[in-house]
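Subject: Handing over the structure

Dear colleague,

I am passing on the structure below, and after it you will find an account of what turned up when I went through it. Please read the text with the structure open beside you.

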Amino acid sequence: MIVTDSFTGNATTIALTNGDTAESIVSKLNTAFGASNLKLSASIDNGTVKITGANYGSGSKISIGFKLDGVDAAQQLGFASTTAGTDVVGTINGKSATGAGQLLTADVPAFGDTNDAQGFA
């Protein structure tokens, strides 16, 4: 299994065996993440292996690849090829705002709108 963290650009590989359990896979992943300086962690959630990134937003992506006897098998195991984070969504004082990661920024006011952010660029 190959896991890549787009935030750091680092990747790591672990070998899976027939005897692996969810617990052993999580242990292998967390050891590999630490050794390769990936900003990821693995855990068990409702009996399944869950990989979580430490960074936020749509620019933060986790890619998982798996080959069985040299053939790409990630989709057969239920892995999406790449999973992206989500940007924050909301308004500020009822006005539209744009999210990037955990940061919510007021949009430029429309002409004639008055609010505390008018005049800021």
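In the protein, 33% of the contacts with a separation of 6 or more are between residues 24 or more positions apart. Please keep in mind throughout that this is a predicted model, so that every value quoted here is computed from predicted coordinates. The secondary structure comes to one helix and eleven strands, and, read from the N terminus on, these elements run β-β-α-β-β-β-β-β-β-β-β-β. The protein has 121 residues, of which buried residues make up 20%. Its accessible surface comes to about 8,000 Å², and carbon and sulfur atoms hold 54% of that area.

The core

The largest nonpolar core has 14 residues, and those with the most contacts inside it are Met1, Val3, Leu29, Phe33 and Leu40. Helix H1 (22-35), E3 and strand E5 (61-65) are the elements that give two or more residues to this core, and the largest share, five residues, comes from H1. As background, nonpolar side chains tend to be buried together in soluble globular proteins.

Around Thr12 and helix H1

Thr12, which is found in strand E2 (residues 11-13), has a relative accessibility of 7% and therefore counts as buried, the limit being 20%. Leaving out residues up to four places away in sequence, Thr12 touches Met1, Ile2, Val3, Ala32, Phe33, Ser36 and Leu38; among these, Met1, Val3 and Phe33 also belong to the core residues with the most contacts. With Ser36, the side chain of Thr12 makes a polar contact of 3.2 Å.

Ala32, in helix H1, lies on the other side of one of these contacts, and with a relative accessible area of 11% it is buried as well. Its C-alpha atom is separated from that of Thr12 by 6.2 Å, although the two residues are 20 apart along the chain. Apart from its neighbours within four places in sequence, Ala32 is in contact with Thr12 and Ile14.

Ile44 and strand E3

What does Ile44 touch, not counting residues up to four places away in sequence? The residues are Ala22, Glu23 and Val26, and for Ala22, which is 22 residues away along the chain, the C-alpha atoms are separated by 7.0 Å. Ile44 itself lies in strand E3 (residues 40-45). Although E3 is among the elements that give two or more residues to the core, Ile44 has a relative accessible area of 37% and is partly exposed; since a nonpolar core is made up of buried residues, Ile44 does not qualify for it.

The open sheet

Three strands form an open sheet in the order E9-E10-E11, with antiparallel pairing. Strand E9 (91-92) and strand E11 (103-106) stand at the edges with a single partner strand each, so that one side of each is left without a neighbour in the sheet. In general, the strands of a sheet pair through backbone hydrogen bonds, in either the parallel or the antiparallel sense. Here strand E10 (residues 95-100) pairs with E11 over four bridges, and within this pairing the bridge partner of Thr98 is Thr105, while that of Ala100 is Leu103. The hairpin of E10 and E11 has two residues between the strands, and in it Gly101 takes a positive phi near 65 degrees.

Salt bridges

How many salt bridges does the count come to? The count comes to two. In one of them the side chains of Lys28 and Asp20 meet at 2.9 Å, N to O, and Lys28 is partly exposed, with a relative accessible area of 27%. In the other, the side chains of Lys50 and Asp45 meet at 3.9 Å, N to O, a value that still counts because the cut-off lies at 4 Å. Both of these partners are partly exposed, Lys50 with a relative accessible area of 38% and Asp45 at 33% relative accessibility.

With best regards

Terms used. Residues are numbered from 1 along each chain as its sequence is written. This is a predicted model: local features need pLDDT of at least 70, side-chain atom pairs count only at pLDDT 80 or more; totals for chains, interfaces and linings use all residues. Side-chain values use heavy atoms; hydrogens and water are left out. Buried means under 20% relative accessible area, exposed over 50%, partly exposed in between (1.4 Å probe, protein chains only). Contact means heavy atoms within 4.5 Å. Accessible areas come from the Shrake-Rupley method with a 1.4 Å probe; for residues, only the protein chains shown count as cover. Two strands pair if DSSP finds at least two bridges between them. A polar contact is a pair of N or O atoms within 3.5 Å; within protein, one must be able to donate a hydrogen and the other to accept it, and residues adjacent in sequence count only if both atoms are side-chain atoms. A nonpolar core is a set of buried Ala, Val, Leu, Ile, Met, Phe, Trp, Tyr and Cys residues joined through side-chain atoms within 4.5 Å.
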